[in-house]
Amino acid sequence: MNTPPLPSGAEHTDGSPIRLGALVPLTRPGWVEAGRHLLAGLDLAVREVNDAGGIDGRPLELVVRDTAADPERAAAAVDELADLGVAAVAGEYHSVVARAAAARADALGVPFLCSSAVLDALTEEPTEWVARVAPAQSHGWRIYADFLLRAGRRRIAVATQSSVYWTSGTRVLRDHLAPRGGTVLELDASLTPEALCDALVDHGATALLLLVGHPEPAVPIVRAVRSDRRLAEILIGAPAGQPEFAEWGAALGEDGAGIPFLRYLPERLGPLGERVGKELRERLGEAPSFVAFEGWDTVAVLAAVLRSHGTDRAAVAASWPRVAVEGTRGPIRFSRAPGIGVWQWAWAPVHVVDRDPAEPDRLRVLHAG
């Protein structure tokens, strides 16, 4: 049975579903594997809420829209979801897409809880309508820069593509490393892998960071560097987390191990995280990524807000500073972090990890934030 649209997000008393919009990359060029994990977390949490009686007897209904990593498509989806009467919008993995969604949600007065995108400037101006459970890029990438320094890697090269996300990441790294004796050389990822290897040798780089998409051009770059004897001692890194997903190992095999990346999970999950992780593993048929946990935590926050403050959109947005929810990765509370215009969980756990070359399915914690 279809529920009539409720543009204002007004209250019901008839037991009809409470709709939550979900923005997820499910088709290329979006990172489909990340989208699958994000949706698994969102959906599992919705099912658990409903199994426990819903929100005051009303079930949650997840209304999913595929963004395909397209900002315009995401903004149009927010319009559509607003017309369908959703109480809030959740999700998204890609930062440039989440930024478009956040701007549209702010303009329409629709609460948006961002699950995975980390770009600091999620909105141009401070807003009351948007909150985020993922850590900001400046926070996580500074931790990654500290890891590089502790590992003795100070001559850093970044292979980068044109994107506000990669540009922002490069700036974070440079600003943090430069006062501490580090240098950052930008290399255009459109170089042939062989030319890129030559540039690394000429620069005397001790680390190469992949600020690029997967599988192209990340996979051919990794293969070229791994096969170049001149670069046997260089550290390959991927702060954006590409090696988190099984697709990375399937494409690169042994070459994909030993590449440090940022992971937003504690070293050891607590009882709630363990239980949810087990459920997610059964759903996904593989180890859940931190993105799946971000999805679950997103719905846990929204369910708590809806129970306490109802479905009126303005009331939902006004509740961000009063959130106190036990998430899979620790207690979630939102605050105003300096330089960030949205309500921010400061912070989810941050670790630098890699896949053990001797046992690629095993993750090693190399540095804690």
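The expected span of a helix is 1.5 Å times one less than its number of residues. Keep that rule at hand for these exercises, which use a predicted model.

**Exercise 1. Helix 3 and its span**

Work out how the reach of helix 3 (residues 95–108) fits the expected span.

*Solution.* Start with the count: helix 3 has 14 residues. Next, take the expected value, which is 20 Å at 1.5 Å a residue. Finally, look at the model, where the first C-alpha and the last are 20 Å apart, close to expectation. Just after the helix comes Gly109, with a positive phi near 75°.

**Exercise 2. The buried side of helix 3**

Find which residues of helix 3 are buried and what covers them.

*Solution.* Begin with the residues: Ser95, Val97, Ala98, Ala100, Ala101, Ala102 and Ala105 are buried. Then look at the cover, which includes two helices, helix 2 (71–83) and helix 5 (164–177). Strand 1 (18–24), strand 4 (112–114) and strand 5 (130–132) are also among the covering elements.

**Exercise 3. A closer look at Ala105**

Decide whether Ala105, a residue of helix 3, is buried or exposed.

*Solution.* The cut-off for buried is under 20% relative accessible area. Ala105 has 1% relative accessibility, so it counts as buried. Now list its contacts: leaving aside residues up to four places away in sequence, Ala105 touches Val78, Val110 and Phe112. For a distance across the fold, take Ala82, which is 23 residues from Ala105 in sequence, while their C-alpha atoms are 8.5 Å apart.

**Exercise 4. Classifying aromatic pairs**

Classify the ring pairs Tyr93–Phe245 and Tyr165–Trp166.

*Solution.* A search of the whole structure gives 8 aromatic pairs. For Tyr93 and Phe245, the ring centres are 6.5 Å apart and the planes stand at 80°, so this pair is edge-to-face. Tyr93 sits in the loop between strand 3 (88–91) and helix 3, and Phe245 in the loop between strand 9 (235–237) and helix 8 (246–252), so the pair ties together parts 152 residues apart in sequence. Both Tyr93 and Phe245 are buried.

Turn to the other pair: the rings of Tyr165 and Trp166 have centres 4.8 Å apart and planes at 50°, so they are tilted. Tyr165 is buried, at 14% relative accessible area, and Trp166 is buried too, at 10%.

As a last step, place Tyr93 and Phe245 in their aromatic cluster, which they form with Trp31.

**Exercise 5. A charge over a ring**

Find which ring face Arg336 lies over.

*Solution.* The ring belongs to Trp343, and Arg336 is 4.4 Å from its centre.

Definitions and conventions: Residues numbered from 1 in each chain as written. Predicted model: local features only at pLDDT ≥ 70, side-chain atom pairs only at ≥ 80, totals over all residues. Heavy atoms only, no water. Helix = DSSP H or I, 4+ residues; strand = E, 2+ residues; numbered from the N terminus. Buried < 20%, exposed > 50% of the residue type's maximum accessible area, 1.4 Å probe, protein only. Contact = heavy atoms within 4.5 Å. Phe/Tyr/Trp six-rings, centres within 6.5 Å; stacked < 30°, edge-to-face > 60°. Lys NZ or Arg CZ within 6 Å of the ring centre and 35° of its normal.
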